[in-house]
Amino acid sequence: MKPNLVDIGVNLTDKQFSEDRDEVVARAVKAGVNTMILTGTSVDASEQALELAEKYSDYCYSTAGIHPHDAKNATESCYKALKELFQAPPVVAAGEMGLDFNRDFSPRPIQETVFQQQLQLAVEAGLPAFCHERDAAERFTAITREFRDHLDGLVVHCFTADKKALYQYLDLDMHIGITGWVCDERRGTHLHPLLKEIPANRLMIETDAPWLLPRSMDKKPKSRRNEPAYLSWVVKTIAEQTGKSYWQVAKETSQTARNFFNLDPDEQ
């Protein structure tokens, strides 16, 4: 028996997958990852993610948004393009959007403005928000609080912050996305005690492939490239740290993701 996992964050548009996307999707399905949400990080990447979601329509959906790294390039025509993308059935969330005060590839005031614009678009479209936050918890919380009552939902994907930030997000009924960061004995162990604090109906899992290869893997690929087929390692770590069974974590996170993204009910 295989799990029926949902990977809520796959960067399948990345050039690291340009030679073998068909095989990557096939390996994921073989490993029990039957649903993948393909991340859009710019208008161009969002259009590509939609095309791939349509190509692999049995297993994939997509998001459409402007990552904070790319916020400096956002224009009115970009917002118009996002509105059009939101109308496509495979697009199940607005984003990736948010704040990144770690790398600051875009000026912080611009990041905040573009984030606010996209949250408003998400409200208007009736879509949940797929969000990025790094070293910006206070501003992220302040901005999202203004929109939270009107949003269909909001997930902080690839959560790596501390207990204070987690509680702020949970107080606003946000969802939390956990990646292979939690499998990293060098920098992810602070997340272990926090996993028990996340309600089952708020926790989702993701690979953020091709990045964040789980360091707990028995045999790592020479390429160091992560794939959705490796999502089970995230499930294993969560199970170990929460005292739940692998199957319970698999079932709970999958159902939570299906509810969040308004997908068809899990029939398995």
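Trainee: Which residue in S2 stands opposite Val10?

Mentor: Strand S1 (residues 5-10) runs in the parallel sense with S2, joined over four bridges; two strands pair if DSSP finds at least two bridges between them. Helices (H or I, at least four residues) and strands (E, at least two) are DSSP runs, numbered from the N terminus. Opposite Val10 in S2 you will find Leu38.

Trainee: What kind of model am I looking at?

Mentor: Residues are numbered from 1 along each chain as its sequence is written, and side-chain values use heavy atoms, with hydrogens and water left out. Local features need pLDDT of at least 70, side-chain atom pairs count only at pLDDT 80 or more, and totals for chains, interfaces and linings use all residues; this is a predicted model.

Trainee: Is the crossover from S1 to S2 right-handed or left-handed?

Mentor: Follow the chain from S1 through H1 to S2, a β-α-β path. With the strands pointing away from the viewer, a path from the first strand over the helix to the second that runs clockwise is called right-handed. This crossover is right-handed.

Trainee: Which residue in S3 stands opposite Leu38?

Mentor: S2 also pairs with S3 in the parallel sense, over three bridges. Within that pairing, Leu38 stands opposite Ser62.

Trainee: How many of the six residues of strand S2 are buried?

Mentor: Buried means under 20% relative accessible area, exposed means over 50%, and partly exposed lies in between (1.4 Å probe, protein chains only). Strand S2 spans residues 33-38 and is mostly covered. The number of its buried residues is six.

Trainee: Where does Ile66 lie, and is Ile66 buried or exposed?

Mentor: Look in the loop between strand S3 (60-64) and helix H3 (76-86). Beyond its neighbours up to four places away in sequence, Ile66 touches residues including Thr41, Cys78, Leu82, Met97 and Val114, where a contact means heavy atoms within 4.5 Å. With a relative accessible area of 2%, Ile66 is buried.

Trainee: What distance separates the C-alpha atoms of Ile66 and Ile198?

Mentor: These two residues are 132 residues apart along the chain. Their C-alpha atoms are separated by 27 Å.

Trainee: Which part of the chain does Lys55 link to through its salt bridge?

Mentor: The side chains of Lys55 and Asp22 meet at 3.4 Å, N to O, which fits the rule for a salt bridge (a side-chain nitrogen of Lys or Arg within 4 Å of a carboxyl oxygen of Asp or Glu). The pair links distant parts of the chain, 33 residues apart, with Lys55 in helix H2 (residues 43-55). Lys55 is exposed at 54%, while Asp22 is partly exposed at 43%. The partner, Asp22, sits in helix H1 (residues 21-30).

Trainee: Which residue forms a salt bridge with Arg27, and how accessible is that partner?

Mentor: The closest N and O atoms of Arg27 and its partner, Asp20, are 3.4 Å apart. Arg27 is partly exposed, with 35% relative accessibility. Asp20 is buried, at 17%.

Trainee: How many salt bridges does the structure hold?

Mentor: One of the pairs is Glu252 with Lys244, at 2.8 Å from N to O. Elsewhere, Asp184, Glu185, Arg186, Arg187 and Arg215 are linked in a network of salt bridges. The total for the structure is 14.

Trainee: How many disulfides does a search of the whole structure find?

Mentor: A disulfide is a covalent bond between the sulfur atoms of two cysteines; here the cut-off is sulfur atoms within 2.5 Å. The sulfur of Cys60 is 19 Å from the closest cysteine sulfur, in Cys158, so that pair is too far apart for a bond. The sulfur of Cys183 is 12 Å from its closest cysteine sulfur, also in Cys158, and this is again too far. The search finds zero.

Trainee: Which backbone oxygen lies 2.8 Å from a polar atom of the side chain of Asn226?

Mentor: Asn226 lies in the loop between strand S8 (203-205) and helix H7 (232-242), and is buried at 1% relative accessibility. The backbone oxygen of Leu212 lies 3.1 Å from a polar atom of the Asn226 side chain. The oxygen at 2.8 Å belongs to Trp211.

Notes
A polar contact is a pair of N or O atoms within 3.5 Å; within protein, one must be able to donate a hydrogen and the other to accept it, and residues adjacent in sequence count only if both atoms are side-chain atoms.
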